[in-house]
Amino acid sequence: MTKAASPRAQFLSLHLLETLAAVLPVRNENNAPKTLVYGGFERHMITSQARRRAERMHARNRANAGVGPLAGYTMGRRTREWALLTARVLEKEHGWDKDESVTTARAVLEAVGLKFGDPSKRTVANLTKVLLFAPSDTDERIAAHIAANATELRGWRDAYLKAQAAGAKPKRRATSEPEESTGDGTGGKDLPPLPKESRTAVLTAMAPRDAIDIALYGRFLAEIADSPNVDGAVQSAHAFTIQEAETVDDFYAAADDAKIDRQQHALDFLDAADDAGAGMTGYQSLISGTFYRHAVLDRAQLRHNLRAAGMAESEAAEAAVAAEREFVLGFVEAFPEAKKNSTASTGSLPGLVLAFEAERPYNYAAAFQKPIDEDPEDRGGEGPAGLAGVKRLLRHHAFVGKRRPDIVRARLLTYDPQVDALLDDSCPPGTVPVDTVEGLTS
């Protein structure tokens, strides 16, 4: 009789080591590489925000292209431009005038509680003050409702804009304090509320619904109290180098094509005053190092989010498995795109990926609190950080695994032949090497 497989644990922990050379995936406000101090030493850092966006966009783009396990599922879009997107649908698909479309869409979204930019500043007047993460068809749903209720909403919009111009404000929450007069003749008058049916339709359109990436990464919207927030199922740590930070300031000189053409064709006399030197010069900081990355997937939270979106239990279970496979793929393959054309950074592959299940998350950053000493081993160092980091991570996992019996189903994936040879001799007990990303969660 075949032994039944044990139930999957709640948390999937992912740990990854990758070596990057001469890249700049993230920068601070001074255009310099981001760093942190850990173990008393400065390290380069790639923020979790940059990683999460890269992973989310990787999954969204594949799903929208009909590729991968999430093909056919709804995905989200995070933007400040929902009023403009809704207006574009009203104009292109429902035949509305462009200006009326923008005015109406903004008024409707503002009336449900979203705050917009300064009306006197054209560039931000129709942008919400916060990014709103909502299903990608939110604009189509809102536009369809506006078009279907055009007569009622046009009358409401005109009254709303007229009252707004007279100084009326959105209705306050209940308070025991008497409302003071504004002194502008409106006497603290409230703006006319959006019709209840329309408010419900807009909130439904903006609700997370079955958008898989919202179920994975969550969202928080404080401006609208009755719009549901979502606790994300993915926890992401900042990546950091396992050796000390080292930065090179790369001097570059860009050639001026017209100037070079003049020189090559002996036409210097056309502009003799500007023959020498490059067309433009400058400096850019580049970093190299081996990074440790960590993320966790809470399977129970993911299923809860999908069920809360209205999925049946069996449908949510199937979607959760597909979302997990795509999340792991994005964790391994996606990369922030800053400077990608000048550094080819998005082509990097990890030296080692460790995945395991457990009843709680496990972060192995402590394995690298003391930075890797890259001096040769015969001089007291550990050698190159890539291989030394793999040895440390595997030793750390073996040590923790002996003391935490809830850690199960450990998998190892490498794209580095040197690491592969190392695993043949020092693969920790209970870990299984795999050849594909899919093998990490099978």
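Is aspartate 298 buried or exposed? At 11% relative accessibility, aspartate 298 comes out as buried, where buried stands for under 20% relative accessible area, exposed for over 50%, and partly exposed for whatever falls in between (1.4 Å probe, protein chains only). The model here is a predicted one, so local features were accepted at pLDDT of at least 70 and side-chain atom pairs at pLDDT 80 or more, while totals for chains, interfaces and linings use all residues. Numbering runs from 1 along each chain as its sequence is written, and side-chain values rest on heavy atoms, with hydrogens and water left out.

Back to aspartate 298, then. The residue sits in strand E9 (residues 280-298); helices (H or I, at least four residues) and strands (E, at least two) are DSSP runs, numbered from the N terminus. Leaving aside neighbours within four places in sequence, aspartate 298 is in contact with Gln10, Phe11 and Ala233, contact being heavy atoms within 4.5 Å. Phenylalanine 335 is another matter: 37 residues along the chain from aspartate 298, with 22 Å between the two C-alpha atoms.

Histidine 145 can be described in much the same way. Its place is in helix H4, and a relative accessible area of 13% makes histidine 145 buried. With neighbours within four places in sequence set aside, the contacts of histidine 145 are Leu153, Glu197, Ser198 and Ala201.

Next come the charge pairs. A salt bridge was called when a side-chain nitrogen of Lys or Arg lay within 4 Å of a carboxyl oxygen of Asp or Glu, and the count by this rule is 17 salt bridges. Aspartate 137 turns up in a bridge with arginine 141, where the closest N and O atoms are 3.2 Å apart. Aspartate 137 also pairs with arginine 209, at 2.8 Å from N to O. Arginine 209 lies in the loop between helix H6 (196-206) and helix H7 (212-217), and aspartate 137 in the loop between strand E5 (132-135) and helix H4 (138-148), so this pair ties together parts that are 72 residues apart in sequence. As for how open these side chains are, arginine 141 is partly exposed at 39% relative accessibility, aspartate 137 is partly exposed at 21%, and arginine 209 is buried at 17%.

Arginine 209 has a backbone quirk as well: a positive phi of about 45°, although the residue is not a glycine. Most residues other than glycine have a negative phi. Lysine 339 is another non-glycine residue with a positive phi, in this case near 60°. Lysine 339 belongs to the loop between helix H10 (313-333) and helix H11 (340-343), and at 27% relative accessibility it is partly exposed.

A further salt bridge brings arginine 392 and glutamate 382 together, at 2.7 Å from N to O. The two ends come from distant parts of the chain, 10 residues apart: arginine 392 from helix H12 (residues 385-403), and glutamate 382 from the loop between strand E10 (352-358) and H12. Arginine 392 is buried, with 10% relative accessible area, whereas glutamate 382 is partly exposed, with 25%. Elsewhere, Arg8, Arg299, Glu324, Glu357 and Arg409 are joined into one network by salt bridges that share partners.

That leaves the charged surface patches. Patches were built from residues with over 30% relative accessible area and no salt bridge, joining like charges within 9 Å and nonpolar side chains (Val, Leu, Ile, Met, Phe, Trp, Tyr) within 5 Å. Accessible areas come from the Shrake-Rupley method with a 1.4 Å probe, and for residues only the protein chains shown count as cover. Lys and Arg were taken as positive and Asp and Glu as negative, with His and the chain ends not counted; each charge was placed at NZ of Lys, CZ of Arg, CG of Asp or CD of Glu.

On the negative side, Glu244, Glu246, Asp373 and Glu374 gather in a surface patch. One of them, glutamate 246, is in the loop between strand E7 (239-241) and strand E8 (247-254), and at 58% relative accessibility glutamate 246 is exposed. On the positive side, Arg88, Lys92, Lys98 and Arg122 form a surface patch. Among them, arginine 88 has its place in helix H2 (residues 82-94) and is partly exposed, at 47% relative accessibility.
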